[in-house]
Amino acid sequence: MRNIIYILFGGIFILSSCQSGSKNIELFNEQAKLPETFKFDTLGLKVMSSYINKKSGTMSTLYANPFALSNALDGDKSHRAGEVLALVTWKQQADGNYFGADVPGDLQSVEIIKSAIAAKNVLVSYKKYTGKNLDSAPDTLQQEKRITYIFNQRPSVMP
Amino acid sequence: MKKIIILTLSFLLICFLFMQFFRPKIVNSPASADFQAPPNVKAIMIRACYDCHSNATSLRWYDQIVPVYWQVAADIKHGRESLNFSDWQKMAPADQKSKLWEIVYQISAGAMPLGSYTEVHQNAKITRDELSTLKAYVNSMAAVALPDDTAKINAADRQYSQWRKEQFLIKQVPIAPNGVRYMPDYKNWQAISTSARFDNGTMRVIFGNNIAAAAVRTHHIQPWPDGTVFAKVAWDEVEDKDGNVKTGAFKQVEFMIKDKEKYAATEGWGYARFKTPKMIPYGKNALFTTECINCHRPQKNEDFVFTQPIKH
């Protein structure tokens, strides 16, 4: 009798341990994160729009401070002092959680534009940071082009 | 002692035999609008899914024995309710397409076929090769963007100018059938991530409210704290000939609200979807959330959330 009980309980134990192996959970998207030291969240920016480039396999999000956002909505192409815009670009990767979607992967660059008053003129500064550590990248060749491109973007419709 | 054991066993046997008379009916009605796909794809579905997800259920002898039969009958009832391959063509073509992607997602997430089912029905398991076959099939149906699609560009331009003229001002707060109210402030929240859905040609930004943002900062997202709200905004993709994609017309905003007690029936999350700039609530009645939770359930280990937040 005792043997039967052992076999029964043993069987139940073996069956119950046949659960599928637990998958490795990654809660955060570590590849895409911005370094803490960059303090992006202290810039006080809101999402203005987002982009994908299918040829280079990248995704970007354009952020703006409320002033730049409302100027962009007004369609005002002349720059006013006090605007801040930031374009964050990632390499795209397949979404591990959903087949049918791509999400940001390795952080590629952050471009920041600020406009300020200097000698009664509006001066626009452009800074580019690259790589996962966002090292400062001196870029003088593309500057004008990038400033024009970023300033020309219109906000995504968010009623 | 021996007598007691014999008596107990006989009693259990009688109960077992008596139980066999309680059998919910499983009806196999004719498949009038059966699933259509290439033979290799259909064969996989028939073998792995049709027992619970069609009117062509084939029961093995061991499925017929109560109490196993009760579980089988319940699985079939539930299975046919959420997806019935025999009624496939009754769905609109666009719904058929999104259902296919969902099926492949459920299989690749390991949620389907049910583990309890494949343990007994080993031949219902889907192999890696078969999953690749299914993925290739749905990929062949992915939304293909026309570069410089004037219809999409015009729709986006029209919507943008209406939005700028504040023609989408909402006078009365829209409310989803389950009581979730539209939250206009979502656009001022923090971006948690973005996603590009190549299955249906939309792009999305996922926002989190203050509570969500604080939870990300302090690493407390398993589980997400009560009061967390996510908003996922979707737009059409507008692509130019160089592969640059911008946001086109606004499609919808979806909300997930964490409240362990209030939304206990849907694993602690309340759901809502508001479509078009008029923010028309989605769902005929409060039961629309079954659809939401069915898709989110495989994400149980991530507190039912798909998005892995990006720390900014």
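This is a guided tour of a predicted model with chains A and B, moving from confidence to the interface, then to the strands of chain A and a few loops of chain B.

**Colour by confidence**

Begin by colouring both chains by pLDDT. Chain B averages 91, with 100% of its residues scoring at least 70, while chain A averages 86, with 84% of its residues at or above that score. Now select residues 15–23 of chain A, where the pLDDT is below 50 and where the model shows four contacts beyond near neighbours in sequence. Where pLDDT is low, the predicted coordinates should not be read in detail. In chain B, select helix α1 (residues 2–19), which has the lowest confidence there at a mean of 82, and then strand β5 (residues 269–275), which has the highest at 98.

**Show the interface**

Next, select the residues of each chain that touch the other: 47 residues of chain A are in contact with 60 residues of chain B. Together the two chains bury about 5,100 Å², and 59% of that area is on carbon and sulfur atoms. On the side of chain A, display Phe28(A), Phe99(A) and Pro159(A), which lose the most area to chain B and together account for 17% of what that side buries.

With the polar atoms shown, the count between the chains is 23 residue pairs in polar contact, both residues of each pair being at pLDDT 80 or more. To see where the side of chain A comes from, highlight β1 (46–53), β2 (58–64), α2 (66–74), β3 (84–94) and β4 (101–118) of chain A, each of which supplies at least two residues. Among these elements, β1(A) gives the most to this side, with seven residues. If you colour the chain A side by residue class, you will find 25 nonpolar, eleven polar and eleven charged residues.

**Pick out the salt bridges**

The structure holds 20 salt bridges over all chains, and four of them are found across the interface of chain A and chain B. Side chains of opposite charge can pair when their charged atoms come close. Select Glu30(A) and Lys311(B), which form a salt bridge with their closest N and O atoms 3.9 Å apart. Then move to Glu237(B) and Lys54(A), whose side chains meet in a salt bridge at 3.6 Å, N to O. This pair also crosses between chains, with Glu237(B) in strand β3 of chain B and Lys54(A) in the loop between β1 and β2 of chain A.

**Follow the strands of chain A**

Switch to a cartoon view and select β2(A) and β3(A), which run antiparallel and are joined by seven bridges; one place to look is Ala64(A), whose bridge partner in β3(A) is Leu85(A). From β3(A), continue to β4(A), where ten bridges join the two strands, again in the antiparallel sense. Here Ala94(A) stands opposite Asp102(A) in β4(A). β3(A) and β4(A) form a hairpin with six residues between them, and in the turn Gly100(A) has a positive phi of about 120°.

Stay with β4(A) and add strand β1 (residues 190–197) of chain B, since which strand pairing crosses between the chains is the next thing to see: the two pair in the antiparallel sense over two bridges. Centre the view on Ala101(A), whose bridge partner in β1(B) is Arg197(B).

**Visit three loops of chain B**

Finish with some backbone details in chain B. Select Met112(B) and Pro113(B), which are joined by a cis peptide bond with omega near -10°; Pro113(B) is found in the loop between α5 (93–108) and α6 (115–120). Moving along the chain, select Asp148(B), a residue other than glycine with a positive phi, near 50°, in the loop between α7 (128–139) and α8 (150–164). The last stop is the peptide bond between Gln222(B) and Pro223(B), which is also cis, with omega about 0°; Pro223(B) lies in the loop between α9 (210–217) and β3 (229–239) of chain B.

Terms used
Residues are numbered from 1 along each chain as its sequence is written. Chains are lettered from A and ligands numbered from 1 in the order in which they are written. Side-chain values use heavy atoms; hydrogens and water are left out. pLDDT is the predictor's confidence in each residue, from 0 to 100. Contact means heavy atoms within 4.5 Å. Buried area is the accessible area (1.4 Å probe) that two parts lose on being put together, summed over both. A salt bridge is a side-chain nitrogen of Lys or Arg within 4 Å of a carboxyl oxygen of Asp or Glu. A polar contact is a pair of N or O atoms within 3.5 Å; within protein, one must be able to donate a hydrogen and the other to accept it, and residues adjacent in sequence count only if both atoms are side-chain atoms. Helices (H or I, at least four residues) and strands (E, at least two) are DSSP runs, numbered from the N terminus. Ala, Val, Leu, Ile, Met, Phe, Trp, Tyr, Cys and Pro count as nonpolar, Asp, Glu, Lys and Arg as charged, and the others, Gly among them, as polar. Two strands pair if DSSP finds at least two bridges between them.
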